[in-house]
Amino acid sequence: MFDGVAARYDLTNTVLSFGQDRFWRRATRAALELRPGDRVLDVGAGTGVSTEELAHSGAYAVGADLSLGMLYAGKRTRPHVPLLAGDALRLPFADASFDAVTISFALRNVNDTDAALRELARVTRPGGRLVVCEFSTPVNPAFRTVYLSYLMRSLPAVARAVASNPDAYVYLAESIRAWPDQAALADRISSAGWRRVAWRNLTGGVVALHRAIRDESAI
Ligand SMILES: C[S@@+](CC[C@H](N)C(=O)[O-])C[C@H]1O[C@@H](n2cnc3c(N)ncnc32)[C@H](O)[C@@H]1O
């Protein structure tokens with residue numbers, strides 16, 4: 001599916017999110033508290049748009065993704081961003097290789113969420129940081145109703161005009177609706193080798209940033 005949307009992925013994102021995606025990416029970088037020289041892994045990096053933002057911190061940022069179509073699109077538009085093929089469930093890195101790991105708008109797409117969270121912990125050094133940037137549940141009930149209506153009705157219609165594979169955006173809407181809310185995802189992260197889990201809502205909870213620290217004793 002991601003091979004099919006790769007060609008116009010970056011543009012479609014910005015249109016469908018009314019430009020908010022840039023703000024969400026900057027907030028993800030800030031939440032990771034990266035320092036120059038840190039090694040950070042961006043899992044489900046796609047075209048590298050999220051990886052490129054991380055590098056602005058001075059950290060060494062590398063992206064991994066399962067879709068060769070997304071990676072090729074990224075190599076064309078961002079040849080300077082290190083991207084490699086890799087499965088979130090079997091990352092091609094040794095234990096404790098990274099100071100920080102992050103996954104933006106991709107954890108929802110991985111077949112086994114809990115296994116992916118454990119695999120992220122495996123490649124993070126004890127005491128290292130995790131930030132999950134993912135669609136979530138708007139906190140205000142009135143806004144939530146308007147947002148869900150946008151998601152299920154308008155978003156697929158707009159996607160038909162801009163996306164290279166509009167059907168993928170019907171999946172996007174349905175997968176967001178089925179995804180655990182902020183507290184439920186925090187519980188899943190805590191059970192997968194992470195401690196001090198906390199979250200911050202962005203755009204009223206359309207997106208949530210979950211932060212955690214790699215448990216020294218886990219995995
Ligand atoms: C919506 S895109 C997100 C791309 C980018 N992180 C961003 O913020 O725009 C989701 C990505 O997750 C990738 N993905 C899905 N399952 C994966 C897995 N098991 N391992 C690695 N990447 C995966 C897809 O190929 C896709 O590129």
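**Ligand shell and helix 6 in a predicted model**

User: In this predicted model, what makes the pair formed by Arg-25 and the ligand a polar contact?

Analyst: A polar side-chain atom of Arg-25 lies 2.7 Å from an oxygen atom of the ligand, and because a polar contact is a pair of N or O atoms within 3.5 Å, this pair qualifies.

User: Which ligand atoms do Ser-50 and Ala-88 approach, and why do these pairs count as well?

Analyst: Ser-50 has a polar side-chain atom 3.0 Å from a nitrogen atom of the ligand, whereas Ala-88 places a polar backbone atom 2.8 Å from a ligand nitrogen; both pairs are within 3.5 Å, so they count as polar contacts. The protein covers 94% of the 600 Å² of accessible area that the ligand has on its own, and helix 2 (9-16) and helix 4 (49-55) are the elements that give two or more residues to the shell.

User: Why is helix 6 called mostly covered?

Analyst: Seven of the ten residues of helix 6 (residues 113-122) are buried, which means that each of these seven has under 20% relative accessible area. Among them are Thr-113, Leu-117, Glu-119 and Arg-122, and what covers the buried residues includes strand 1 (39-43), strand 5 (124-135) and helix 9 (182-190).

User: How do you know that Asp-112 makes a polar contact at the start of helix 6?

Analyst: A side-chain oxygen of Asp-112 reaches to within 3.3 Å of the backbone nitrogen of Asp-114; the cut-off is 3.5 Å, so this oxygen and nitrogen form a polar contact.

Terms used. Residues numbered from 1 in each chain as written. Predicted model: local features only at pLDDT ≥ 70, side-chain atom pairs only at ≥ 80, totals over all residues. Heavy atoms only, no water. Polar contact = N/O pair within 3.5 Å; in protein donor to acceptor, adjacent residues only side chain to side chain. Areas by Shrake-Rupley, 256 points an atom, 1.4 Å probe, with all protein chains shown as cover. Helix = DSSP H or I, 4+ residues; strand = E, 2+ residues; numbered from the N terminus. Buried < 20%, exposed > 50% of the residue type's maximum accessible area, 1.4 Å probe, protein only. Contact = heavy atoms within 4.5 Å.
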